[in-house]
Amino acid sequence: MANELNQQRVIDEFSRCFRKMLMDPELAGELVRIAKENINQPNAYQRIAEEVSSQTTIKIQEEHTEADRKFIKLLMDVVKGDSQLY
């Protein structure tokens, strides 16, 4: 039961994030830009989380939720995948 609640929380957090990205078409570009600028930095994960929170409407708490971790990892994977296309 606890696992189901956690999964639902992750889904709810992702849904709020996607809703924001659909309402603000520039947001996705900002997120990718932040990830690209920080992907090769020491502590890239933490830097991306902090900059996403400070520079966009998506707020990531200091203590990251499972959804936060998955979201940041997804951003990093998108940037890594994008760079492999070239």
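The following dialogue examines how terms are assigned in a predicted model.

Biologist: On what basis are residues numbered and values taken here?

Modeller: Residues are numbered from 1 along each chain as its sequence is written, and side-chain values use heavy atoms, with hydrogens and water left out. The model is predicted, so local features need pLDDT of at least 70 and side-chain atom pairs count only at pLDDT 80 or more, while totals for chains, interfaces and linings use all residues.

Biologist: What makes arginine 33 and glutamate 30 a salt bridge?

Modeller: A salt bridge requires a side-chain nitrogen of Lys or Arg within 4 Å of a carboxyl oxygen of Asp or Glu. The closest N and O atoms of arginine 33 and glutamate 30 are 2.8 Å apart, so the pair meets the definition. Arginine 33 also forms a salt bridge with glutamate 37, where the closest N and O atoms are 2.9 Å apart. Glu30, Arg33 and Glu37 are thus linked in a network of salt bridges. The structure holds four salt bridges.

Biologist: Why are the partners of arginine 33 separated by about one helical turn?

Modeller: Because arginine 33 and glutamate 30 are three residues apart in helix α2, and arginine 33 and glutamate 37 are four residues apart in helix α2. An α-helix has 3.6 residues a turn, so residues three or four places apart point the same way. Helices are DSSP runs of H or I with at least four residues, numbered from the N terminus.

Biologist: How do you know that glutamate 66 and lysine 70 form a salt bridge, and where do they lie?

Modeller: Their side chains meet at 3.7 Å, N to O, which satisfies the salt-bridge definition. Both residues lie in helix α4 (residues 66-84), four residues apart, about one turn of the helix.

Biologist: Why is arginine 33 called partly exposed?

Modeller: Buried means under 20% relative accessible area, exposed means over 50%, and partly exposed is in between (1.4 Å probe, protein chains only). Arginine 33 has 28% relative accessibility and therefore counts as partly exposed. Glutamate 30 at 30% and glutamate 37 at 45% are also partly exposed. In the α4 pair, glutamate 66 at 28% and lysine 70 at 41% are partly exposed.

Biologist: What makes asparagine 43 exposed, and what is its phi?

Modeller: Its relative accessible area is 63%, so asparagine 43 is exposed. Asparagine 43 has a positive phi of about 55° although it is not a glycine. Its place is in the loop between α2 (25-38) and α3 (44-55).

Biologist: Is isoleucine 58 buried or exposed, and where is it placed?

Modeller: At 7% relative accessibility, isoleucine 58 counts as buried. Isoleucine 58 is in the loop between α3 and α4. Isoleucine 58 and leucine 31 are 27 residues apart in sequence and 9.3 Å apart in space, C-alpha to C-alpha.

Biologist: How do you know that the buried residues of α2 line one face of the helix?

Modeller: In α2, Leu27, Leu31, Ile34, Ala35 and Asn38 are buried. Seen down the axis of α2, these buried residues fall within an arc of 95°, so they line one face. The arc is that of the directions from the helix axis to the C-beta atoms. On the other side of α2, Pro25 and Glu26 are exposed.

Conventions
Helices (H or I, at least four residues) and strands (E, at least two) are DSSP runs, numbered from the N terminus.
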